[in-house]
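Dear colleague,

I am passing on the structure we spoke about, together with some notes on what turned up in it. Please look through the model first and then read on.

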Amino acid sequence: MSIEWNQESREFHLRNDRVSYVLRVLENGWLGHLYFGSPLTEGRSYAHLVPGEFLGYSNRVGEPVPFEYPSGGSGDFRIPAVAIELPDGSGVLDLRYASHRTLPGKPVIPGLPSTYVEVGGEAETLEITLSDAVAQIEVRLLYTIYRDRPLIVRGARIANAGQAPLILRSAMSASLDLPDSEWQLISLSGDWARERHVVRQGLRPGRQSVSSLRGSSSAQHNPFVALARPATTEDAGEAIGICLAYSGNFLAETEVEPFGTARVRAGINPEGFSWLLEPGAEFATPEAVLAFSATGLDELSHAYHDLLRERMARGSWRDKLRPIVINNWEATYFDFDEPKLLAIATAAKEMGIEMFVLDDGWFGRRDDDSSSLGDWTVNTAKLPGGIESVARKVEALGMRFGIWIEPEMVSRRSDLFAKHPDWAIGVPSRPKTESRNQYVLDMSRPEVVDYLFDALSAILGSAPISYVKWDMNRNITEPFSPTLPAWRQGEFFHRYILGVYALYDRLTEAFPGILFESCASGGARFDAGMLAFAPQGWTSDNTDAVERLKIQWGTSMVYPLSSMAAHVSAVPNHQVGRITPLETRAAVAFFGAFGYELDPTKLSADETAEVAQQVAFYKKWRELFQRGRFHRLISPFEDDRDVTAWMTVAVDARSAVVGYYSILNRPNSGPTRLKLRGLDPATSYRVSIWTAAVGDENDESPSPIVLGGDVLMAAGLVIEGLRLSSTQGDFRARVYVLESI
Ligand code: DGJ
């Protein structure tokens, strides 16, 4: 890893064995972008990569000069990285190189989640200062390169060095100018119950974007995009990823201009955003993680998985294997009392489940979703002994106990709303829109964050609570805070999320032993920013095994298996009404932080035995399922094969588990070969089929066979017997276990 400054050619070269990132101070002081991709040799100049005729123009109108942090108003008509309203109302900026320095490690971003270093020499940071002497603005661009990761972490700090206030209209975390536009844009888009479906489409002239204006990163679009060559597959071809560590309104956008170059920018959504910069003040953008792979999307995902798991997640749970959870939501919804909960916990414990999580409905007078959010005291009508009694009884069973909270919300029917109606977000002159019978609290107000910290600390400190599921079930409407003057209302959304981060920060500090799981109506705020506080998230409310194939596949583009909570639920499935075999439900949910979302007291004896075997199997391979190298093999989004396959391989490649899923059965479809990845070609593996199905004559497991890693990867694993007969039916799954011998 090195950060080179070539004084003569005025070039910066950030490099490790996986990537190079090259910048150049152009003749007139603009900062140009030369290259991001596979590593280039050190000590050489790459100045020729920016064609000479574009350099040094005093008039750059229309020319595609590759800028590192572009601004508008002086001839670059493409999408800018930064836009500022100056005291005279103009918005013309001319940012030129002023200085630079390199720093060991990586600076923190005050108030925002960010990746970090833990050991000396792990990363270095380049800080380049640009300034505009007329506007009296300084922009510090930060680039961190880790020793052995194929990525560059970027962010910007924008400071007012003048005497009059300025208004920041847009401040991107990163902008990247690419010399051609032969790329496809990959985004993770969807909605409630179908989060992070992979969408891939070619870049075309003009702009394409994904974004959120909902106050959270959203189920509709995830704050991540990748650019992949049209021929790029999971295991071949170039891809560039941009992942934002931000949970609020974001934008990720591309622009192809007439010369065929492409610009991509990502950061806080400029729509509706503004930030008053007083003299001397500085604004810090969230950070963007840029990753590069020359060998397909799998490799890009691995770069993100490792970074987010090892250097974004923090706290005691970062390195611990996650417990197997039973959550009572779909088992009881709001209708429970202590005996019912304990019956669920007892049955779950007998099957080997380790953590009981009490979901919504334990507080205030909440018997449905129409009341009590904000009143974080126990509902003694349901739980006369309080949380402490249930928690202690669950612990006495030999399980851990967790609870659900939704801190950012207030119900109209609640004591909190009666006392502080002004804490609910809204424009005073307008009616407030209710959604799920609730309003959103104004998290930009420190007194709201203080109240929540005190109220939640009281609960979390009152009982042996080991796990918190932090939900967020509606988006923000009528965005406005009475605490901000009119000219600062554009700061509201960003201040909201800073308040959420502040509360998360304080609670995770105060309760370091608790495992936090983020949730937002399922996976509507599943982003890298959240992972800094909650190392796992509820991936989706949709627990149907077939739907989950798409959701987990898409989520795995960026987020590690350890972060994806995946539960087996009852059938008919509560979201889509589909009936899938219990075995298939587990075979999908295994690939994540595993658990159950059903009433175990209602299972038959065979099902109980099957669940116990699933739990035992997951425990045996937990390390692989949570921390193995995940490879996506057959996509649920492509062609009409009705098959999906993926696998996870141990870091030392000594073992692997493969999931193969047949969605709709095909008559007479014959055996097929599945090419595996990530194995050691020289190792022999014992390949066995795992099944927990009790009394299912379809699943006669053949005896294990021994095959080389080479043949499994080059020729493939022969999949037989899954789709051959009419008795197999739909929604079948196979789990293959590979152990080196
Ligand atoms: C939405 C979550 O995604 C569900 O799992 C559940 O916790 C409900 N909220 C409770 O209201």
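What follows goes from the ligand site to two helices and then to some local details of the backbone and side chains.

Please keep in mind throughout that this is a predicted model.

Ligand site

The ligand is surrounded by 13 residues, of which the closest are Asp359, Asp360, Lys469, Asp471 and Asp541. Sorted by class, this shell holds six charged, four nonpolar and three polar residues. For Asp541, an N or O atom of the side chain is 2.4 Å from an oxygen atom of the ligand, while a polar side-chain atom of Asp359 lies 2.6 Å from a ligand oxygen. The side chain of Trp538 also places an N or O atom 3.4 Å from an oxygen atom of the ligand. Taken alone, the ligand would expose 300 Å², and the protein buries 97% of that area.

Helices α11 and α10

Helix α11 covers residues 605-627, and at 1.5 Å a residue its 23 residues should span 33 Å, which agrees with the 32 Å between its end C-alpha atoms. The helix nevertheless has a kink of about 70 degrees, centred on Trp621, so I would read the end-to-end agreement and the kink side by side. Trp621 is itself one of the buried residues of α11, and the others are Glu610, Val611, Gln614, Val615, Phe617, Tyr618, Arg622, Leu624, Phe625, Gln626 and Arg627. As background to that list, an α-helix has 3.6 residues a turn, so residues three or four places apart point the same way.

In α10, eight of the eight residues are buried, so this helix is largely enclosed by the rest of the structure. The residues concerned are Leu582, Glu583, Thr584, Arg585, Ala586, Ala587, Val588 and Ala589, and the list therefore includes charged side chains, Glu583 and Arg585 among them, by the classes used here.

Backbone details

The loop between β29 (564-569) and α10 (582-589) contains Pro572, and the peptide bond that leads from Val571 to Pro572 is cis, with omega near -5 degrees.

Two alanines have a positive phi, a value found here in residues other than glycine. Ala193, in the loop between β11 (184-189) and β12 (197-202), has phi near 70 degrees, and with a relative accessibility of 9% it counts as buried because the cut-off is under 20%. Ala653 has phi near 60 degrees and sits in the loop between β32 (643-649) and β33 (655-662); at 11% relative accessibility, Ala653 counts as buried too.

Side-chain contacts and a strand residue

Ser370 lies in the loop between β22 (355-358) and α4 (386-396), where its side chain makes a polar contact of 2.6 Å with the side chain of Asp368. A polar contact of 2.7 Å also joins the side chain of Ser370 to that of Arg413.

Val22, finally, belongs to strand β3 (residues 20-25) and is buried, with a relative accessible area of 0%. Val22 and Leu40 are 18 residues apart in sequence, and their C-alpha atoms are 9.2 Å apart in space.

With best regards

Note on methods:
Residues are numbered from 1 along each chain as its sequence is written. This is a predicted model: local features need pLDDT of at least 70, side-chain atom pairs count only at pLDDT 80 or more; totals for chains, interfaces and linings use all residues. Side-chain values use heavy atoms; hydrogens and water are left out. Helices (H or I, at least four residues) and strands (E, at least two) are DSSP runs, numbered from the N terminus. The expected span of a helix is 1.5 Å times one less than its number of residues. The bend at a residue is the angle between axes fitted to the seven residues ending there and the seven starting there. Buried means under 20% relative accessible area, exposed over 50%, partly exposed in between (1.4 Å probe, protein chains only). A residue is near a molecule or strand if one of its heavy atoms lies within 4 Å of it. A polar contact is a pair of N or O atoms within 3.5 Å; within protein, one must be able to donate a hydrogen and the other to accept it, and residues adjacent in sequence count only if both atoms are side-chain atoms. Accessible areas come from the Shrake-Rupley method with a 1.4 Å probe; for residues, only the protein chains shown count as cover.
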